[in-house]
Amino acid sequence: MAPKRPNGAGAFPKAVVTPAPNPPDPAQLYAALDLGTNSCRMLIAQPKGSQFHVVDSFSKSVQLGHGLESTGKLSRASMNRTISAMRICRQKLERHGVKNMRLVATEACRRARNGANFVAQVRRETGLNLEIIKPEEEARLAVISCAPLVSTKTEQLLVVDIGGGSTELVWIDLTNVPHVERPRAIMRLHAGFRADTGPFAAAKVVDWISVPLGVATLRDQFADVDDDGGRFALMSWFFEENLEAFAPSAAEQDREGFQIIGTSGTVTTVAASHLGLRRYDRTKVDGLRMTSDQIDTVIRDYLALGPGGRRADPRIGKDRQALIMSGAAILQALMRLWPTDRLSVADRGLREGLLYQQMSADGVLEPAPY
């Protein structure tokens, strides 16, 4: 959008120039990079009150896990694409002079036989130190990123992070936490799911699971099924079968006080489709609450479009269209299993969790005014 012309422009012979804002102090900057099975994404931010202000960002679909299901290894082409993206990240980090950073890799590097070798290659060719994190830390970081979206009325919370190669689910009991303290109790989980919280009321992690099925790996499992609708049904059924070990799913739960927060490209894409956004707007999506019926309507629309229609649909986007149905199958299975007809949409996840974790550890965030 063109900038608005200032009042009185052209009335003076000499233009009034607004001084450029001072660049942020590099010592106050933090970076978080999330290298997943499908995407490489980075945020550079500075603390601002109880939150942070994003200074720069990067996101690119690198498809690092392409072919991993069949070969058990990261392909040369996938690694080259990813290293090219990492070089851009390094340039941004150097331009801003960032010293505080965590750069992590998740499921694709965890599963690949050559994952550790790839991390070493990234270090040699870009100078960046990638860290392969365990599923529990990935789940914990996703949870704390969603703390601002937790309702003070929530008694039982399920946070779901649908990734490219895995899906993390964390079940949290907040019944012993005072209402106003509940979002803050979630943030304190940055220290660990079973950490001693001292004098503070604690959020209890009842159970958590990392299912080795994400939008890319689930799609690859059923790539040989030609029928679009049949493939979707099989993917949803198969994902549900893999949740049998997740204890709380079998327990009887009260619908009142139950909240599901979903964080992933799938969830935000479904939300944007529901809103009819032709251009994505985070301010309209993050924190949106959708009903099961609204989610089902979007998914039925996707199925009616078929593969060709989904590719051409601007609400889905070129990067997401190949993965949206496997993600929708996971989302539909989750909404079918638990006693709620509403989903809170989070446009936040691992990167935001990494930033909160670093800033909390350094004590640069103010107490959250929940």
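A salt bridge is taken here as a side-chain nitrogen of Lys or Arg within 4 Å of a carboxyl oxygen of Asp or Glu. In the predicted model, the side chains of Asp286 and Arg348 form such a bridge, with an N to O distance of 2.6 Å. The two partners are 62 residues apart and belong to distant parts of the chain. Asp286 lies in the loop between helix H10 (282–285) and strand S10 (289–291), whereas Arg348 occupies the loop between strand S11 (342–346) and helix H13 (350–362). Residues under 20% relative accessible area count as buried. Asp286 is therefore buried, at 16% relative accessibility, and Arg348, with a relative accessible area of 13%, is likewise buried.

Across the whole structure, 23 salt bridges were found. Among them is the pair formed by the side chains of Arg87 and Glu125, at 3.1 Å from N to O. This pair also links distant parts of the chain, with Arg87 in helix H2 (residues 76–96) and Glu125 in helix H4 (residues 115–126), 38 residues apart. Arg87 is partly exposed, with a relative accessibility of 31%, and Glu125 is partly exposed as well, at 35%.

A further salt bridge joins the side chains of Arg336 and Glu240, for which the N to O distance is 2.7 Å. Here the connection runs between helix H12, which holds Arg336, and helix H8 (residues 228–241), which holds Glu240; the two residues are 96 residues apart. Relative accessibility is 44% for Arg336, which is thus partly exposed, and 27% for Glu240, also partly exposed. In addition to these pairs, a network of salt bridges links Glu69, Glu107, Arg110, Arg111 and Glu138.

Helix packing was examined next. Two packed helices are described by the angle between their axes and the distance between the axes. For helix H9 (residues 265–275) and helix H12 (residues 324–337), the axes come within 9 Å and cross at roughly 95 degrees. Angles of 65 to 115 degrees count as roughly perpendicular, and H9 and H12 are therefore assigned to that arrangement. On the H9 side, the contact involves Thr266, Val267, Thr269 and Val270, which meet Ile324, Gly327, Ala328 and Leu331 of H12. By class, the residues of this contact comprise five nonpolar, three polar and no charged.

H9 also packs against helix H11 (residues 292–312), the axes coming within 10 Å and crossing at roughly 90 degrees. H9 is therefore roughly perpendicular to H11. Thr269, Val270, Ser273 and His274 of H9 make this contact with Gln294, Val298 and Tyr302 of H11. The contact of H9 with H11 contains three nonpolar, four polar and no charged residues. Thr269 and Val270 of H9 thus take part in the contact with H12 and in the contact with H11.

Attention was finally given to Ala201, which is placed in the loop between helix H6 (182–187) and strand S8 (204–211). Ala201 is partly exposed, at 24% relative accessibility. When residues up to four places away in sequence are not counted, Ala201 touches Asn176, Val177, Pro178, Ala185 and Arg188. One of these partners, Pro178, is 23 residues from Ala201 along the chain, and the C-alpha atoms of Ala201 and Pro178 are separated by 7.5 Å.

Methods
Residues are numbered from 1 along each chain as its sequence is written. This is a predicted model: local features need pLDDT of at least 70, side-chain atom pairs count only at pLDDT 80 or more; totals for chains, interfaces and linings use all residues. Side-chain values use heavy atoms; hydrogens and water are left out. Axes are lines fitted to C-alpha atoms, for helices over the stretch in contact, and angles run from 0 to 180 degrees between N-to-C directions. Helices (H or I, at least four residues) and strands (E, at least two) are DSSP runs, numbered from the N terminus. Angles under 35 degrees count as roughly parallel, over 145 as roughly antiparallel, 65 to 115 as roughly perpendicular and the rest as oblique. Contact means heavy atoms within 4.5 Å. Ala, Val, Leu, Ile, Met, Phe, Trp, Tyr, Cys and Pro count as nonpolar, Asp, Glu, Lys and Arg as charged, and the others, Gly among them, as polar. Buried means under 20% relative accessible area, exposed over 50%, partly exposed in between (1.4 Å probe, protein chains only).
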